[in-house]
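Reader: Hey, can you walk me through this one? I'm new to looking at structures.
Author: Sure, let's pull it up and begin with a pair of helices.

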Amino acid sequence: MTTSNYINGVWQPALDGASYDVTNPADNSLIARVPDSSGDDARAAVDAAAAALPAWRARSARERAQLLKRWHAAIVSNADDLSLIISSEQGKPQAEARGEVAYGASYVEWFAEEAVRAYGDVIPEPVRGKKILVVKEPVGVVAAITPWNFPLAMIARKIAPALAAGCTVVAKPAEDTPLTALALASLAAQAGFPPGVLNIITSSRERTPSVAAAWQNDGRVRKITFTGSTTVGKLLARGAADTLKKLSLELGGNAPFLVFEDADLDEAVNGLMAAKFRNGGQTCVSPNRVYVHEAVYERFAQKLAARVSALKVGPATEADSQIGPMINPRAVEKIAAHVADAKSKGAVALCGGERLRNLGPNYYAPSVLSEATHEMQLAHEETFGPVVPLFRFRDEEHVATLANDTPFGLAAYFYTQNLARVWRMAERLETGLVGINEGAVAAEAAPFGGVKESGYGREGSRYGLDDYMHTKYLCMGGLSR
Ligand code: SIN
């Protein structure tokens with residue numbers, strides 16, 4: 001475990017020596033102290049990334065791919081230690097943390113393979129004597145600001161395509177989970193990335209605005225990629241406007257999950273369990289509103305409540321834990337407030353519906369709430385916890401309207417056996433991702449990202465590489481002579 005900033009290939013404290021505590025959400029115990037970086041550290045990181053850029057982008061795609069493959073191998077061979085670090089700072093159960101290492105590593109491998117396929121184009125010319133060529137170029141220095149819910153996968157799927165494209169990177173992991181990112185930097189150093197190509201600094205919530213401002217205002221930073229709240233995403237978009245940086249924003253969601261009367265209910269329950277309880281519901285693509293057709297509502301609710309009440313809640317140190325603690329006290333308080341509001345407006349807890357204070361400060365019971373309505377707060381805001389509200393519906397048209405009745409548009413899911421309805425709903429839902437009879441949608445080969453106030457840009461797939469490149473048009477004339 002490393003606990004320093006990594007700038008220009010050198011492990012170092014914050015320039016003014018400040019630091020902050022990293023704690024384990026299972027019991028709020030201290031794990032480590034890391035640098036509390038300021039705008040000065042952020043600018044030093046950009047100095048390093050800008051200096052490293054010309055040589056890095058000049059390397060052949062094959063060379064960049066080989067380094068990414070070495071990094072991938074280092075991540076895979078350190079999977080046990082990485083998953084221990086993830087569980088300690090983020091709280092997720094060991095099995096999930098191991099899954100996250102494999103998931104994050106898959107992005108590094110994918111982009112190592114994609115680096116050599118950043119093809120351009122030759123377009124038939126409209127007039128004789130000219131040639132139209134299109135080439136792809138790295139955007140330049142990229143600033144990545146990453147969330148705490150997937151401390152390895154989210155930073156890997158930003159850094160890997162940036163490096164594959166020939167960009168250099170400055171990155172800041174979330175305050176709560178800096179250690180996994182620093183461990184990744186250490187493995188990147190072992191893999192042989194040159195100094196300055198990847199720089200990682202850590203900072204507390206209080207100092208993060210000064211880091212973000214330094215990167216926003218620096219004309220050398222040509223792209224900001226951010227995963228986190230819509231509120232912060234909008235601030236970054238405004239701040240990046242002065243230097244017109246490229247942006248990728250993967251922001252909040254409020255995913256609907258629809259179960260039609262002709263759905264295979266067992267499959268729908270399986271899909272919901274996978275989508276909802278991954279990382280204890282602390283996932284942007286977690287279903288936040290579950291609409292069930294009235295003809296199957298009671299049966300679905302019963303099957304679901306049986307599965308949810310059997311989930312084992314506990315710290316990552318217990319091998320059979322399936323749901324860990326929430327990330328911090330603010331997160332549990334938000335969940336408790338949503339559930340209290342729903343109950344006060346008529347929701348009924350079929351299971352859970354309360355904090356589990358006996359386990360520790362940050363635990364919330366996996367919960368199913370029936371009789372949810374759109375008057376409740378949880379219909380409009382992401383709860384980001386292990387709570388499933390069940391809404392009743394009768395009519396396809398009406399449920400499609402309800403599903404889209406949100407400013408957000410990241411993910412949606414629906415279960416039906418009717419092929420015509422599959423296409424109607426797939427086209428109707430206003431989201432960047434749609435799970436059709438499927439709860440596990442994310443993959444390195446697929447484009448991940450939202451529409452509306454869930455942001456823009458895509459991560460993963462060839463579209464994810466494109467987001468780190470410019471399209472340059474070369475017009476060659478004088479060829480008819
Ligand atoms: C997220 O919660 O932002 C990402 C989850 C995923 O990659 O599936």
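Reader: Okay, how do α3 and α6 run relative to each other, roughly parallel or roughly antiparallel?
Author: Roughly antiparallel, because an angle over 145 degrees counts as that, and α3 and α6 pack at about 160°. Their axes are 8 Å apart. Keep in mind that this is a predicted model.

Reader: Which residues meet there?
Author: From α3 (residues 79–90), you have Leu82, Ile85, Ile86 and Glu89. They meet Pro178, Leu179, Thr180, Ala183 and Leu187 in α6. That contact is made up of seven nonpolar residues, one polar and one charged.

Reader: Switching topic: how many residues are in the largest nonpolar core?
Author: It has 70 residues, and Phe300, Leu304 and Leu390 have the most contacts inside it. Helix α9 (residues 265–277) gives the most to this core, seven residues.

Reader: What does Leu304 touch, apart from its close neighbours in sequence?
Author: Leaving out anything within four places in sequence, Leu304 is in contact with Val269, Leu272, Met273, Val368, Val388 and Leu390. There's also a second, separate core of 59 residues, and Ile85 is one of its members, along with Val101, Ala115 and Ala156. You've met Ile85 already, in the contact of α3 with α6.

Reader: Why would nonpolar residues group like that?
Author: In soluble globular proteins, nonpolar side chains tend to be buried together.

Reader: Now the strands. What's the order in the seven-stranded sheet?
Author: The order is β14-β15-β16-β13-β12-β18-β19, in an open sheet with mixed pairing. β14 (348–351) and β19 (433–436) are at the edges with a single partner strand each, so one side of each has no neighbour in the sheet. From one strand to the next, the twist averages 25°.

Reader: How do β18 and β19 pair?
Author: In the parallel sense, over four bridges. Phe414 sits opposite Ile436 in β19.

Reader: Which helix packs on that sheet, touching β12, β18 and β19?
Author: That's α13 (residues 419–428). The direction of α13 makes about 165° with that of β18.

Reader: Last one: which residues of α7 are buried?
Author: In α7 (residues 208–217), the buried ones are Val211, Ala212, Ala214, Trp215 and Gln216.

Reader: And what do those pack against?
Author: The buried residues of α7 pack against two helices you haven't asked about, α1 (39–58) and α8 (230–240), plus the strands β7 (141–145), β8 (168–172) and β10 (221–227).

Conventions. Residues numbered from 1 in each chain as written. Predicted model: local features only at pLDDT ≥ 70, side-chain atom pairs only at ≥ 80, totals over all residues. Heavy atoms only, no water. Axes fitted to C-alpha atoms, helices over the stretch in contact; angles between N-to-C directions. Contact = heavy atoms within 4.5 Å. Nonpolar A, V, L, I, M, F, W, Y, C, P; charged D, E, K, R; others polar. Core = buried A, V, L, I, M, F, W, Y, C linked by side-chain atoms within 4.5 Å. Buried < 20%, exposed > 50% of the residue type's maximum accessible area, 1.4 Å probe, protein only. Pairing = 2+ DSSP bridges.
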